[in-house]
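Here is a short set of exercises to work through with the model open beside you. Try each task before you read its solution.

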Amino acid sequence: MSVTREEVAKIASLARISMDEAALDHMVPELNNILAFVEQLGEVDTSNVEPMAAVIPQDQRLRDDVIDADPLTGGGRREDVLANAPVAEHGFYGVPKVIE
C-alpha cells in the first residue's frame, strides 16, 4: 500500500495541517516507508505468541474484600448514606433520567 501526493494533501487538509509543496513532497516517501513497515509487521508469524497486555509481567496487589472492615464506611449504613442524597428511591440514590 502506498499513498499519493494528493492523498497526503487531503489528509493534511482533513487534519487542518498547513503544508507547502516541499513539505508534501517530503511527506509522501515518509508515509510510504511507515506503511511498508506496518505491512512487514503483518507478515510476522505470531501464531505461537500468547496475547499480553504488557511486556513485563505485573501482579496487582489487591486487598481482601472484607465487608464492614471500617465501622464508619462499612456495610449496614444505608440509611446514613442516603440521608445525604438529594433524592433517594427504593434504597438507592435517585438520579435524573439521561436516556429517553
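**Exercise 1. Place a proline and its distant neighbour.**
Decide whether Pro29 is buried, partly exposed or exposed, then find its helix and its C-alpha distance to Ser2.

*Solution.*
Step 1: Pro29 has a relative accessible area of 42%, so this residue is partly exposed. The classes are buried under 20% relative accessible area, exposed over 50%, and partly exposed in between (1.4 Å probe, protein chains only).
Step 2: Pro29 belongs to helix H2. Helices (H or I, at least four residues) and strands (E, at least two) are DSSP runs, numbered from the N terminus.
Step 3: Between the C-alpha atoms of Pro29 and Ser2 there are 8.8 Å, although 27 residues separate the two along the chain.

A note before going on: this is a predicted model, where local features need pLDDT of at least 70 and side-chain atom pairs count only at pLDDT 80 or more, while totals for chains, interfaces and linings use all residues. Residues are numbered from 1 along each chain as its sequence is written, and side-chain values use heavy atoms, with hydrogens and water left out.

**Exercise 2. Describe the overall fold.**
List the secondary structure elements of the protein chain, then judge from the radius of gyration how spread out the chain is.

*Solution.*
Step 1: The protein chain has 3 helices and 2 strands.
Step 2: In sequence order these give the pattern α-α-α-β-β.
Step 3: The radius of gyration is 28 Å, well over the 13 Å from the globule rule for 100 residues, so the protein chain is more spread out than a compact globule. Here the radius is taken over C-alpha atoms, and the rule is 2.2 Å times the number of residues to the power 0.38.
Step 4: The C-alpha trace spans about 70 × 40 × 25 Å along its principal axes.
Step 5: Of the 100 residues in the protein chain, 10% are buried.
Step 6: For one long separation, take Lys97 and Glu6: their C-alpha atoms are 48 Å apart, with their positions 91 residues apart in sequence. Lys97 sits in the segment after E2 and is exposed, at 67% relative accessibility.

**Exercise 3. Trace the salt bridges.**
Which residues are linked in a network of salt bridges?

*Solution.*
Step 1: Apply the rule, a side-chain nitrogen of Lys or Arg within 4 Å of a carboxyl oxygen of Asp or Glu. The count comes to 2 salt bridges.
Step 2: Arg5 pairs with Glu21, with 2.1 Å between the closest N and O atoms. Arg5 lies in helix H1 (residues 5-14) and Glu21 in helix H2, so this pair ties together parts 16 residues apart in sequence.
Step 3: Arg5 also meets Asp25 in a salt bridge, at 2.7 Å from N to O. Since Asp25 is in helix H2 and Arg5 in helix H1, the pair ties together parts that are 20 residues apart in sequence.
Step 4: Arg5, Glu21 and Asp25 are therefore linked in a network.
Step 5: Check the accessibility: Arg5 is partly exposed at 28%, and Asp25 is partly exposed at 46%.

**Exercise 4. Examine the backbone.**
Where do Arg16 and His90 lie, and what is the phi of Arg16 and of His90?

*Solution.*
Step 1: Recall that most residues other than glycine have a negative phi.
Step 2: Arg16, not a glycine, has a positive phi of about 60 degrees. Arg16 is in the loop between H1 and H2 and is exposed, with a relative accessible area of 75%.
Step 3: His90, also not a glycine, has a positive phi of about 55 degrees. His90 is in the loop between strand E1 (88-89) and strand E2 (92-93), and counts as exposed at 77% relative accessibility.

**Exercise 5. Look at the ring of Phe92.**
Which residue lies over the face of Phe92?

*Solution.*
Step 1: The criterion asks for NZ of Lys or CZ of Arg within 6 Å of the ring centre and within 35 degrees of the ring normal.
Step 2: Arg78 lies over the face of Phe92, 5.4 Å from the ring centre.
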